Amino acid sequence: TGRYEDCMAAWRARSACEAAQKAGNHTFRHVLEEEIAEVWAEPAGSAEQEIEAVQSQAVLARLVLSVREARRA
């Protein structure tokens, strides 16, 4: 973690998410891919890595709620 390759992957994921958002077609997948990539871009065991991991879980939790809402509709 924190390697150049991981930082570049996070940058690409962030760019893809931002481009999709500007185009009006971003999805949970874009956001989750960005958050997961950011986990590995942070130094191993750092507070920043923990924060990114929690944010990734928050995106997944919101996705679960969205799926449940869709089933009720």
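This is a short tour of a helix pair, two cysteines and a couple of single residues. Keep in mind that you are looking at a predicted model.

**Stop 1: helix 2 and helix 3**

Start by selecting residues 28–41, which form helix 2, and give residues 47–72, helix 3, another colour. The two helices pack with their axes 8 Å apart, at an angle of about 160°. Which way do helix 2 and helix 3 run relative to each other? An angle over 145 degrees counts as roughly antiparallel, so that is the label for this pair. If you turn the view to look at how helix 2 and helix 3 cross, the crossing is left-handed.

Now show the side chains where the two helices meet. On helix 2, pick Phe28, Val31, Leu32, Glu35, Ile36, Glu38, Val39 and Trp40. On helix 3, the partners are Gln49, Glu52, Ala53, Gln55, Ser56, Val59, Leu60, Arg62, Leu63 and Ser66. Try colouring this contact by class: you'll get 10 nonpolar residues, with 4 polar and 4 charged ones.

**Stop 2: Gln55**

Stay with one residue from that list. Gln55 sits in helix 3 and is part of the contact with helix 2. Is Gln55 buried, exposed or partly exposed? Its relative accessibility is 33%, so Gln55 counts as partly exposed. For a distance to try in your viewer, pick the C-alpha atoms of Gln55 and Glu33: they are 11 Å apart, with the two positions 22 residues apart along the chain.

**Stop 3: Glu34**

Move back to helix 2 and select Glu34. This residue is buried, at a relative accessible area of 13%. What does Glu34 touch, once its neighbours within four places in sequence are left aside? The answer is Ala13, Arg14 and Cys17.

**Stop 4: Cys7 and Cys17**

Cys17, just met as a contact of Glu34, is worth a click of its own. Cys17 is buried, and its relative accessible area is 7%. Next, select Cys7, which is partly exposed at 34%.

How many disulfides are there? The count is 0. A disulfide is a covalent bond joining the sulfur atoms of two cysteines. To count here, the two sulfur atoms would have to be within 2.5 Å. The closest cysteine sulfur to that of Cys7 is in Cys17, and it is 18 Å away, so the gap is too far for a bond. Seen from the other end, Cys17 is in no disulfide either, and its nearest cysteine sulfur is that of Cys7.

Key
Residues are numbered from 1 along each chain as its sequence is written. This is a predicted model: local features need pLDDT of at least 70, side-chain atom pairs count only at pLDDT 80 or more; totals for chains, interfaces and linings use all residues. Side-chain values use heavy atoms; hydrogens and water are left out. Axes are lines fitted to C-alpha atoms, for helices over the stretch in contact, and angles run from 0 to 180 degrees between N-to-C directions. Helices (H or I, at least four residues) and strands (E, at least two) are DSSP runs, numbered from the N terminus. Angles under 35 degrees count as roughly parallel, over 145 as roughly antiparallel, 65 to 115 as roughly perpendicular and the rest as oblique. A crossing is left-handed if the near helix is turned anticlockwise from the far one by less than a right angle, and right-handed if clockwise. Contact means heavy atoms within 4.5 Å. Ala, Val, Leu, Ile, Met, Phe, Trp, Tyr, Cys and Pro count as nonpolar, Asp, Glu, Lys and Arg as charged, and the others, Gly among them, as polar. Buried means under 20% relative accessible area, exposed over 50%, partly exposed in between (1.4 Å probe, protein chains only).
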